[in-house]
Amino acid sequence: MHLIQVDSVQRWMEDLKLMTDCECMCILQSKPISMEKDEQNELLLSSQYSTCDSLQLLLKRAWIISTELTRIAQKLEKNRWHRVHSMTVRVNCHVRSMINEHNTFTRSSSEEMHQLEKLLIDKCSEFTAFTERCLQTEDEEILKSMKSCINETLTTVAQYFGQLIELVLTHEAQNLLRQIELSGSLYVTESAISSLFSLAQEGAHLCRIIAKEGGVVALFKICRQDCFRCLYPQTLRTLASICCVEEGMHQLEKVDGILCLADILTDNSHSEATHAEAAAVIAQITSPHLTFTQHLSSFLENMEEIVTALVKLCQEASSGEVFLLASAALANITFFDTMACEILLQLNAMKILLAACSDKRIVDTPYSRDQVVTILANMSVLDQCASEIIQGNGVQLLMEMLFEKSSSGNPAEVAACERVQQKSAVTLARLSRDPEVADAAVKLSCIPRLIKLCRSPTERNNSDSVLVACLAALRRLAVMSPDGLEDSDFQQLVKPRLVDSFLLCTNMEESFV
C-alpha cells in the first residue's frame, strides 16, 4: 500500500510542474490514488512522459477533453449546475495540461498555434467563470438566460479545441514526414515511421491528415530505396493503414504505388515478411467495403503479376498470418475484377488453397477459412471450377465448413464463422449445377446438414444470411437428388417460394408461452 501511495504522489508531483493557473483541489481530484478504476463519472489520466509516447499522451488527453465536453452538454440540458461547474473546471485543467505537455515536447510551434492556444485558454476561463456564477443564484429566469450564454461558450470552446487538435496533429505529421524525407539515418527513419504508424492507428481522420501532408508519397519513396530494405515491412504496414481513406488511395495512384507493390511482390530477393505486408496493402486497397477503388486503373495492368505472386505466397506461407494476408488480398481481388477468377483457375489456385486448408498450421482460424471460401464462392461461377473441386476433395471441405463454430465466443470470430457457413452454402448451390458435384454432396450427407441449419437457429447463430444460403443450396440439391429429403422437409423447405420457407424457418425462433 505504501508503494502505491508513493507512486501516486510522484505522478502527481511530475504533472504539477506542467500545470499553471489550475485550482489545486481540481488537480488533486483528477489524479488516481491507484491504478484501479474510479467511479464511472470520473475520467482520469496518468501521465508518464517520454518523447516516444508524447503523441499518444496528447491523443489520450484530447479524447478525455472531447468526452468531457459532450458530458457537460448533457448535464447542462438537465440543469445540473454543480456537476456542470465541476466538469468545466476539470476541462480547464485538462486543456492547460494538454497545451503545456505538448509545448514541452514540441521544439517549435507556429504563431497560429500560439494564438489558438491563447484563445482556447481564455475561453475555458470564461466558461469556468460563467458556470461558477450559476452556482451563486437560484433564480430560474437568471439561470435560463445564462444557460444560452453557457451553451454558446461551450460551442466556441469545442470549436477552438477542434481547430487546435487539427493543427497540432497536422504539425506532428509534418514533422514526422520531414524526418522520413530528410534523414539518411536508419534509426531516425525507423523511429519516424513507427510514430507515423501509431498516428494512423488513431482513425480515419488522422489517416486523411497524413495523406494530405504527403505521407503516402514519402513512404513509397522509402520502398524504392534498397538502403531501407529492412524497413520495408514496417513501411508497408503503415501504408496499409493510411490507404483506408480516399485521400490515401489517390496519392497511391499518383505515385504509381501499384507498380511498386507489384515489383516488391514479384522480387524473390525480398523477405516473406515484406511480401506479406505488400499483400496487406493490396488487400486494403481492393477491399469490397471501400467505395473509391474504381480509379485504380493501374491495378488492372498489373493484376496478373500480382495474383501470380499472391498465389505463390499462399503456397509457400510459413505461418497462418502470412497465409491470411495473401488469401485476403486474393479474395478481395476476385470481387474487384472477374478476370481474376480466370487467372486463378489457370494458376491451379483451387488446388493450392484446398491443400492449404488441410494444414491446420497454416489455415488455423475462421478468418483464414473465410478468405478461402470467399475465393471458392467467387470462382464457382466458372464452369471449369467443378472438376477442380472434385479433384481437390473440395466438396468434403465445404461440408466441413457448414459445421464452422466459434470456440471463443468472440463477436468477430462468431461473425467470421457465420460468413464461412454462408459462403460454403453459396458455393455448394453454385457448384451443384454440375451433377458430379451434386452427387458428391449428397453422398457426404450435405442435405441433412443443410436442413439442420435451416431448422435450428442456434446452429446458424440466428443468422438470416446463412439461412437464405442454405435454403438455396438445399433447393439446388433437391432438384438433383429428390429422394434425399423427407416429405415434410420438401413441403416446408423446397416446395414453397423461397421467401415463404424463409419466414417459416425464422418463425421457429419464436416461443409462445
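This section describes helix packing, aromatic contacts and selected residues in a predicted model. Local features require pLDDT of at least 70 and side-chain atom pairs pLDDT 80 or more, while totals for chains, interfaces and linings use all residues. Numbering starts from 1 along each chain as its sequence is written, and side-chain values use heavy atoms, without hydrogens or water.

Helix α24 takes part in two of the packings described here, with α26 and with α21. Helices are DSSP runs (H or I, at least four residues), numbered from the N terminus; strands are E runs of at least two. Axes are lines fitted to C-alpha atoms, for helices over the stretch in contact, and angles run from 0 to 180 degrees between N-to-C directions. α21 and α24 pack at about 20 degrees, with axes 8 Å apart. They are therefore roughly parallel (angles under 35 degrees; over 145 is roughly antiparallel, 65 to 115 roughly perpendicular, the rest oblique). Their crossing is left-handed. A left-handed crossing has the near helix turned anticlockwise from the far one by less than a right angle; clockwise gives a right-handed one. On the α21 side, the interface includes E418, Q421, Q422 and A425. Residues of α24 that meet α21 include S465, V466, A469 and C470. Contact means heavy atoms within 4.5 Å.

The second packing involves helix α24 (residues 464-480) and helix α26 (residues 498-507). Here the angle is about 130 degrees and the axes lie 10 Å apart. That makes α24 oblique to α26. The crossing is right-handed. D464, L467, V468, L471 and R475 of α24 meet L498, S501, F502, C505 and T506 of α26.

Helix α20 (residues 394-401) is largely enclosed by the rest of the structure, because six of its eight residues are buried. Buried means under 20% relative accessible area, exposed over 50%, and partly exposed in between (1.4 Å probe, protein chains only). The buried set is G394, V395, L397, L398, M399 and M401. These residues pack against α17 (349-357), α18 (366-379), α19 (385-391), α21 (411-431), α22 (435-443) and α23 (446-455).

One aromatic pair is counted. Rings of Phe, Tyr and Trp (its six-membered ring) pair if their centres lie within 6.5 Å; planes under 30 degrees apart are stacked, over 60 edge-to-face, and the rest tilted. The ring centres of F299 and F336 are 5.0 Å apart and the planes stand at 85 degrees, so the pair is edge-to-face. The pair links distant parts of the chain, 37 residues apart: F299 is in helix α14 (residues 297-316) and F336 in helix α15 (residues 320-336). F299 is buried at 0% relative accessible area, whereas F336 is partly exposed at 22%. Elsewhere, R449 lies over the face of F403, 4.1 Å from the ring centre. The criterion is NZ of Lys or CZ of Arg within 6 Å of the ring centre and within 35 degrees of the ring normal.

C207 lies in helix α8 (residues 204-212). It is buried, at 1% relative accessibility. Beyond its neighbours within four places in sequence, C207 contacts A200, S241, I242, C244 and V245. The C-alpha atoms of C207 and V245 are 6.8 Å apart, across 38 residues of chain.

Two asparagines are considered last. N348 has phi near 55 degrees, a positive value in a residue other than glycine. N348 lies in the loop between α16 (339-346) and α17 and is partly exposed at 40%. Phi of N461 is likewise near 55 degrees. N461 sits in the loop between α23 and α24 and is partly exposed, with a relative accessible area of 37%.
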